[in-house]
Amino acid sequence: MVPSCPFIYIIRKDVDVYSQILRKLFNESHGIFLGLQRIDEELTGKSRKSQLVRVSKNYRSVIRACMEEMHQVAIAAKDPANGRQFSSQVSILSAMELIWNLCEILFIEVAPAGPLLLHLLDWVRLHVCEVDSLSADVLGSENPSKHDSFWNLVTILVLQGRLDEARQMLSKEADASPASAGICRIMGDLMRTMPILSPGNTQTLTELELKWQHWHEECERYLQDSTFATSPHLESLLKIMLGDEAALLEQKELLSNWYHFLVTRLLYSNPTVKPIDLHYYAQSSLDLFLGGESSPEPLDNILLAAFEFDIHQVIKECRDVYLK
């Protein structure tokens, strides 16, 4: 006689495994990591590192392709419940790619001071991409400088270090408002002359720091002289470029998250930040951005662990959050 059981167990299939899109991701990931094992066994030195970076970028492109396909499916879903499920999976894939990209910079590229900031800027630009649709909207209007979002666009471009594009936008303001042409030109010159280490540049970090200090002092003089006092928008941009934390925090809505704030803060206050100092700036940026009004999310803790170069904690946090 079979003993009776007081419990009813509800068994359901793992819907993720049966998702055609995710199965494609699983299969492609399997192939990528099999190839990675061969690279680990066969290559050494710089060639090994460059191949690891290539494989990592390939893996991220697979995740992004899957995420885009899932996003389209979510939009087209007729059943609201299915739409929510697909949207949830898109959010998870987006977080995965965000985390992996940061780990690629810190643990695979092992970017030193100088190039480190360039990689972090690319990281932010890739994952905070609303600016491109906003730009298309503003530039597609009959009179861009009079568009309601014109100054928001210019500000976001400055926050992301896209100063050439910001200068182009300011030229439209100068053309439309001759009275402000002079101060727009001065701001444009400050943006054009901001020293930043570019790929392939042979200047040393010391040379960059000296040039940056002179440029920073020039910006400070314009602020002290009230050069932009007649234009609150331009004066706000100048304060951002001076790394003024209060001015940056006024743009919380445009920054959208603390790690965007972190990278912008570094760009305009310490562009040659050393990897060892990242954890301090990351933690203080999170604290400043949240302002005690809310608690860190699980994703925030994972990113903080990465900035602390604690890969074991990154893996543990990811497992606890995404593999339950």
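Here is a walk through the structure above, from its overall build down to a few single residues.

First, some ground rules: this is a predicted model, so local features are taken where pLDDT is at least 70 and side-chain atom pairs where it is 80 or more, while totals for chains, interfaces and linings use all residues. Residues are numbered from 1 along each chain as its sequence is written, and side-chain values rest on heavy atoms, with hydrogens and water left out.

Let's start with the big picture. The protein has 16 helices and zero strands; both are DSSP runs numbered from the N terminus, with helices being H or I runs of at least four residues and strands E runs of at least two. Measure out the C-alpha trace along its principal axes and you get about 95 × 50 × 35 Å. An automatic or database domain assignment splits the protein into domain 1 (18-110) and domain 2 (127-293). Taken over C-alpha atoms, the centres of the two domains sit 31 Å apart.

What about inside and outside? Of the 324 residues in the protein, 43% are buried. Buried here means under 20% relative accessible area, exposed means over 50%, and partly exposed covers what lies in between (1.4 Å probe, protein chains only). The protein exposes about 18200 Å², and carbon and sulfur atoms supply 54% of that; the areas come from the Shrake-Rupley method with a 1.4 Å probe, and for residues only the protein chains shown count as cover. Look next at contacts, meaning heavy atoms within 4.5 Å: among those with a separation of 6 or more, 63% join residues 24 or more positions apart.

Charges come next. Lys and Arg count as positive, Asp and Glu as negative, and His and the chain ends are not counted. Each charge is placed at NZ of Lys, CZ of Arg, CG of Asp or CD of Glu. On that basis, the mean positions of the 30 positive and 43 negative charges are 6 Å apart.

Now zoom in on the aromatic rings. Rings of Phe, Tyr and Trp (its six-membered ring) pair if their centres lie within 6.5 Å; planes under 30 degrees apart count as stacked, over 60 as edge-to-face and the rest as tilted. The whole structure holds 13 such pairs. One of them is F33 with W100, an edge-to-face pair at 6.1 Å centre to centre and 80° between the planes. This pair ties together distant parts of the chain, with F33 in helix α1 (residues 20-42) and W100 in helix α3 (residues 80-109), 67 residues apart. F33 is partly exposed, at 29% relative accessibility, and W100 is partly exposed at 29% too. Another edge-to-face pair is W258 with Y259, at 5.9 Å centre to centre and 85° between the planes. W258 and Y259 are both buried, and they belong to one aromatic cluster together with W123 and F307.

Finally, a few single residues. S61 is in helix α2 (residues 45-76) and is partly exposed, with a relative accessible area of 39%. Its C-alpha atom is 29 Å from that of Y281, which is 220 residues away along the chain. V110 has a positive phi of about 50° without being a glycine. You'll find V110 in the loop between α3 and α4 (115-127), where it counts as exposed at 51% relative accessibility. F309 also isn't a glycine, and its phi is positive, near 60°. F309 lies in the loop between α15 (298-307) and α16 (311-322) and is partly exposed, with a relative accessible area of 33%.
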